[in-house]
Amino acid sequence: MKKEKAVVVFSGGQDSTTCLFWAMREFEEVEAVTFDYNQRHRTEIQCAKEIASELGIKHHVLDMSLLNQLAPNALTRNDIEVKEGEDGNLPTTFVPGRNLLFLSFAGVLASQVNAKHIITGVCETDFSGYPDCRDQFIKSLNVTLNLSMDQNFVIHTPLMWLNKAQTWKLADELDAFEYIRTKTLTCYNGIIAEGCGICPSCQLRKNGLAEYLETVGKK
Ligand SMILES: [Zn+2]
């Protein structure tokens, strides 16, 4: 374990909770940051708060409601349907600039709390077409953050090349499988754990879980 400090970008979902456990294994001191952009399910912020508190993690919730002002979309508005991208279009859940803004604010926070490491659960494998989840973008932003603040931040993306089944495997290796399975919120309809089972996010989570359980012969 590195005797250094890390800030985890944390939403209370499967991916970022896995990252939180990963960071707790890797670094001596870990803090979490959640962005409140008027998610249509307030449960999301509540869920993140509960997990951070249970794990004894210092938790920052930052108001990012300006994002909704700039780019209302299916994650913030009830009248916009969650849909997969078709014909080369991005899904309706895409918020332009979201990870750019979130990671920049995480960088500002990291500099305030003297953390060298920033962890995000972005992933290129189960790529829904979000350009700001790509490895190239993260590497580029890492350079930009360091230049802008004269820092030596290291952005870590432990899930970048994992599929959902491999993310469940990582959770298991971190002794957090049951915790993540029962306490995290990934569902677009705001239902904790197994979720609604129908939305694109639940489908991805469910299929990955089934695949992982099959490989290890668990239930
Ligand atoms: Zn769902």
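Two residues are in contact here if their C-beta atoms, placed from the backbone, lie within 7 Å. With that in hand, the surroundings of one helix can be explored in this predicted model.

It helps to begin with the whole chain. It holds 8 helices and 5 strands, and from the N terminus on these elements follow the order β-α-β-α-β-α-α-β-α-β-α-α-α. Of the 219 residues in the chain, 37% are buried. Among contacts between residues at least 6 apart in sequence, 67% join residues at least 24 apart.

Helix H8 is a good place to look more closely. This helix runs over residues 200-216, 17 residues in total. From its first C-alpha to its last, H8 reaches 25 Å, close to the 24 Å expected at 1.5 Å a residue. Just after H8 comes Gly-217, which takes a positive phi of about 65°.

Which residues of H8 are buried? They are Ser-201, Arg-205, Gly-208, Leu-209 and Tyr-212. These residues cover an arc of only 100° around the axis, so they sit on the same side of H8. The spacing makes sense on general grounds: an α-helix has 3.6 residues a turn, so residues three or four places apart point the same way. The cover over the buried residues of H8 includes helix H1 (14-26) and helix H6 (164-173).

The pairing of H6 with H8 comes next. Their axes lie 7 Å apart, and the two helices pack at an angle of about 65°, in a right-handed crossing. On the H6 side, the contact involves Lys-164, Ala-165, Thr-167, Trp-168 and Lys-169. Facing them in H8 are Leu-204, Arg-205, Asn-207, Gly-208, Leu-209, Glu-211 and Tyr-212. Sorted by class, the residues of this contact are 5 nonpolar, 3 polar and 4 charged. Arg-205, Gly-208, Leu-209 and Tyr-212 thus appear both among the buried residues of H8 and in the contact with H6.

The two covering helices also meet each other. The axes of H1 and H6 come within 10 Å and cross at roughly 35°, and this crossing is left-handed. From H1, the residues taking part are Gln-14, Asp-15, Thr-18 and Phe-21, while H6 contributes Thr-167, Leu-170 and Ala-171. This contact of H1 with H6 has 3 nonpolar, 3 polar and 1 charged residues. Thr-167 of H6 is worth finding in the structure, as it takes part in the contact with H8 and also in the contact with H1.

Technical notes: Residues are numbered from 1 along each chain as its sequence is written. This is a predicted model: local features need pLDDT of at least 70, side-chain atom pairs count only at pLDDT 80 or more; totals for chains, interfaces and linings use all residues. Helices (H or I, at least four residues) and strands (E, at least two) are DSSP runs, numbered from the N terminus. The expected span of a helix is 1.5 Å times one less than its number of residues. A residue is buried if 20 or more other C-beta atoms lie within 10 Å of its own, exposed if 12 or fewer, and partly exposed in between; C-beta atoms are placed from the backbone. The arc is that of the directions from the helix axis to the C-beta atoms. Axes are lines fitted to C-alpha atoms, for helices over the stretch in contact, and angles run from 0 to 180 degrees between N-to-C directions. A crossing is left-handed if the near helix is turned anticlockwise from the far one by less than a right angle, and right-handed if clockwise. Ala, Val, Leu, Ile, Met, Phe, Trp, Tyr, Cys and Pro count as nonpolar, Asp, Glu, Lys and Arg as charged, and the others, Gly among them, as polar.
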